[in-house]
Each structure stands twice: as C-alpha cells, then as structure tokens.
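I opened this notebook to keep track of what I looked up, going through helix packing, burial, cysteines and backbone angles in turn. The entries follow in the order in which I made them.

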Amino acid sequence: MARRSYLFTSESVSEGHPDKVCDRISDEIVDLVYREAKKAGMDPWKVRVACETLATTNRVVIAGEVRVPDTLLKRDAEGNIALDKRGQPVINPSKFRSTARRAIRSIGYEQEGFHWKTVKIDVLLHPQSPDIGQGVDSAADAQGEEGAGDQGIMFGYACRETPDLMPAPIYYAHRILRLIAEARKAGEGDAAMLGPDAKSQVTVRYVDGKPSAVTEIVLSTQHLDPTWDSSRVREVVEPYVRQALSEGGLPIAEDCRWHINPTGKFVIGGPYGDAGLTGRKIIVDTYGGAAPHGGGAFSGKDTTKVDRSGAYAARYLAKNVVAAELADRCTIQLSYAIGLAQPLSIYVDLHGTGRVSEEEVEMAIRQVMDLSPSGIRRHLDLNKPIHAKTSAYGHFGRKPGRDGSFSWERMDLVEALKKAVAAAA
C-alpha cells in the first residue's frame, strides 16, 4: 500500500543555469530550422534536428546532425552548395551563431566570463546520417506514416495536486524561479541586481496523500553585488517565494526552514562558473521525480524523435484521463522501436485511484489518438517553431499558447475518452 503521509522534494533551475543555457540554445536551433524551412518552402515534415550544446567560460560549442533547407547551407564562390569530402552539404554557421547569441542575450548574460557579444561560438553541425534517416523515411514511404526516430520508453503523468494537474513540489519550484526571473528582467527594485543563474528546491509535507504544507525551501541565486550576503539576498527573494506559494494556496509550515544562498556568496555563475550541457536536467523538465522518466532528453530534438514527441503525447493523454475524472492520478508508458510507426506497448497505472480499470483506459487511448510519430505531430501540431519556450521551467504544467506552444497541455480529449471508455464497458 502506498504511503499516505511523507515528505517529498523537487528542484528546479532557472533559464540562466549552465545546463539550461544549453537547452535554450539547442531548442532555438530547432525553431530556427522550422522557421527557415517555412520561408524556403521546405516541407516541415522533412526537418531533422539532433542538436547538442556545450557552454563554458566565453565558449559555446554546437554539435549534432540536421536536415535543413538550402538557406542554411554554405555556398562556394560560384553560388553552388558547398560539399565536404564525403559529398555531403556543408552547414553555414552564420545563422546558428546569431541565434545562439540572441538566446544568451535574452537570458541576460552580459558578464565577465560569459557575454553574448564576446562569447566564441563553434558550430559543428553536419547532415543527418542516412542510416538513421532511412529508418524514419522508408517507414513513411511504405506505411504512409513515419517510423520512430529511435527506440525508447516515454512516460506521462498527471495528478490533482495543482490546477495544472502537476505534482506540487515541482510546480512550486518552477513558479518561484519564474517570478524571480520576471522581476529581474523587468528591473523590479533590488531584483534587478540578481543574476540569471538560480536553483530552487521545495519540500512538501503530504498528509493522507495530499500536499498540506511546505517544510523546506532552498534557493540559490546569483547576485551581481559582491557585498550582498545570504540575509540580504533573502530580503530580495522572499516576497517572490511567498507569492509563488500563496498563488497556489499551499501554506508555508510554521516550522519551515529557509536555506537562501547557503554558501553565503554567489557572484560567479552561469557557464563562467560551471560548464553546461544539453539534456542534463531531465527530471527538472518533467515531474520532479514524482513519476518515472524514460531517460531521453527533449531539448535540441525535432519531434520525429519520440523521446520528445512520445513524452508529450503521454503527458497529454495522462492529463486528459485525470481531467475526465477517470482517475485522480495517472501514469502512462509508451514504447517504440526505430523505424516502426506504432508504439510497441501502452501501459497505464491509475495508482488505485481509477473509476474504471487500467485495461479500459489503455483501449480508450488507442481509439482516441494515433500514437505514431506522424500521428502525434499532426494531432499536437508540433511542426512549428514552438520549442524554445519549453527549455526552462518545465515542459509540462504550462499554459497552451496561441502560437500552438504547449499543445500537449490542452484538455480537449476529455469527452472522447469518456465515450471510448463507456463504449468498452
């Protein structure tokens, strides 16, 4: 039997954390390719991006494989597309570099050791391997739908702990950092003296299986004034922490312990203080450890990669299952094999909260959504430059945007799921 009373902790990191800088650059590159494809008349279904970024002191390295429109390829003196020794097109680094600089500037890095103007950016992108491409493309030719870009397992989760059907600890950890970042960028009072790099951690006490109070708050944030100590930083950030928690209605326990900049000083931050890599914050990106993770990162990947699109679909389905009041908690696992279109398996766990059986939900899921990579991309309209927004403060529990971003957070399958379950009963 599951425990009913316990403490659970989740962490978040800000957009200026070194790893999140890399996630942002990688996702901006995904969006760049989609935008350029549209302008060049390239079919967005043909876009391929698998982009990894490394950031360290005044240095960014962008590597990976892509399939891009001709506007992003280098040309020789005669205007022909330049080819390397293998006869493959050569990527023109210019727009990739400028995209990375804009991302770094937007985050707020104008500091010694990492400045958007002076950082050296190496672009080491090359065309997608035909051995990988054929697994997707040949399946599309033979079956009329794309094969998965790789094997793997993906999880989606939803619960009733917050209005966005997310676990409380990660929901509030994200909310704290978003409020502080908004105040910093707006130049709001002393918050303007905070730096882009920050981490939060929230511990929630659960009573009878429900979040009841916050018992521990950890926040480390970069500050630009070297004379500030921990108490001064707390004066600046505490109002935003309290606002984030009060907006969700979760009280701070009377005996809650606050740990603000525990080391006492945090002036050197971002990639100047620690190297960053794409894909190192996958638990921050998902459910804060409250649900399983398949292991694959999201950022820097186009949505033929089921690491990304499959995880989005699983969250979408789990959220709609809970919104349809079929259960109070729902975990969904999908599994795929490279080159095959349909998932190998669908697994549902309602954690003893279901009003119908797991088997009925599994059958209903297959009826209401095509879970091939092409089916997911079509249903959620993912072939768009909507991915940079996901690179910080979580891929889930966000509001769907008018531009089509966070479409997997919609709750438009509720009635279809209810009907499918009723028909199977």
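**Entry 1: helix 4 and helix 5.** I began with the crossing of helix 4 and helix 5, which comes out as right-handed; I keep in mind throughout that this is a predicted model. The two axes, fitted for helix 4 (residues 168–185) and helix 5 (residues 230–248), come within 9 Å and cross at roughly 130 degrees. Angles between 115 and 145 degrees are classed as oblique, and helix 4 and helix 5 are therefore oblique to each other. I then listed the residues in contact: helix 4 contributes Tyr 172, Arg 175, Ile 176, Leu 179, Ile 180 and Ala 183, while the helix 5 side includes Val 237, Tyr 240, Val 241, Ala 244 and Gly 248.

**Entry 2: helix 1 and helix 2.** I next looked up how helix 1 packs on helix 2 (residues 94–107), and found an angle of about 130 degrees with the axes 9 Å apart. That makes helix 1 oblique to helix 2, and their crossing is right-handed. On the helix 1 side I noted Val 21, Arg 24, Ile 25, Glu 28, Ile 29, Leu 32, Val 33 and Glu 36 as the residues that meet helix 2. Their partners in helix 2 include Lys 95, Phe 96, Thr 99, Ala 103 and Ile 107.

**Entry 3: helix 10.** How many of the eight residues of helix 10 are buried? I found six in this helix, which spans residues 373–380, so helix 10 is largely enclosed by the rest of the structure. The buried residues are Pro 373, Ser 374, Gly 375, Ile 376, Arg 377 and Leu 380. Looking for what covers them, I found that the cover includes helix 1 (18–40), strand 2 (48–56), helix 8 and strand 12 (329–336). Just past this element I recorded Asp 381, which follows helix 10 and has a positive phi, near 55 degrees.

**Entry 4: Arg 308.** Since helix 8 had come up as part of that cover, I looked at Arg 308, which is found in helix 8. Is this arginine buried or exposed? Arg 308 has a relative accessible area of 0% and is therefore buried. Leaving aside residues up to four places away in sequence, I listed what Arg 308 touches, and the list includes Asp 27, Phe 298, Lys 301, His 387, Thr 390 and His 395.

**Entry 5: helix 11.** In helix 11 (residues 414–424) I found Val 414, Leu 417, Ala 420 and Val 421 buried. Seen down the axis, the buried residues of helix 11 fall within an arc of 135 degrees, so they line one face of the helix. As background I noted that an α-helix has 3.6 residues a turn, so residues three or four places apart point the same way. The other side of helix 11 carries Lys 419, Ala 422 and Ala 423, which are exposed. The cover over the buried residues of helix 11 includes helix 8 (306–323) and helix 9 (358–368).

I followed up Ala 423, which counts as exposed at 65% relative accessibility. From Ala 423 to Val 68 I recorded a separation of 355 residues in sequence and of 45 Å in space, C-alpha to C-alpha.

**Entry 6: cysteines.** How many disulfides does a search of the whole structure find? The search finds zero. For Cys 159 I could give a reason: its closest cysteine sulfur, in Cys 330, is 11 Å away, which is too far for a bond. Cys 159 is also buried, with a relative accessible area of 1%, and Cys 256 counts as buried at 12% relative accessibility.

**Entry 7: positive phi in loops.** Lastly I checked two residues that are not glycine but have a positive phi: Asn 58, near 45 degrees, and Phe 406, about 55 degrees. Asn 58 lies in the loop between strand 2 and strand 3 (59–67) and counts as partly exposed at 28% relative accessibility. Phe 406 lies in the loop between helix 10 and helix 11, and at 4% relative accessibility Phe 406 counts as buried.

Note on methods. Residues numbered from 1 in each chain as written. Predicted model: local features only at pLDDT ≥ 70, side-chain atom pairs only at ≥ 80, totals over all residues. Heavy atoms only, no water. Disulfide = S-S within 2.5 Å. Buried < 20%, exposed > 50% of the residue type's maximum accessible area, 1.4 Å probe, protein only. Helix = DSSP H or I, 4+ residues; strand = E, 2+ residues; numbered from the N terminus. Arc of directions from axis to C-beta. Contact = heavy atoms within 4.5 Å. Axes fitted to C-alpha atoms, helices over the stretch in contact; angles between N-to-C directions. Parallel < 35°, antiparallel > 145°, perpendicular 65-115°, else oblique. Left-handed = near helix turned anticlockwise from the far one by under 90°.
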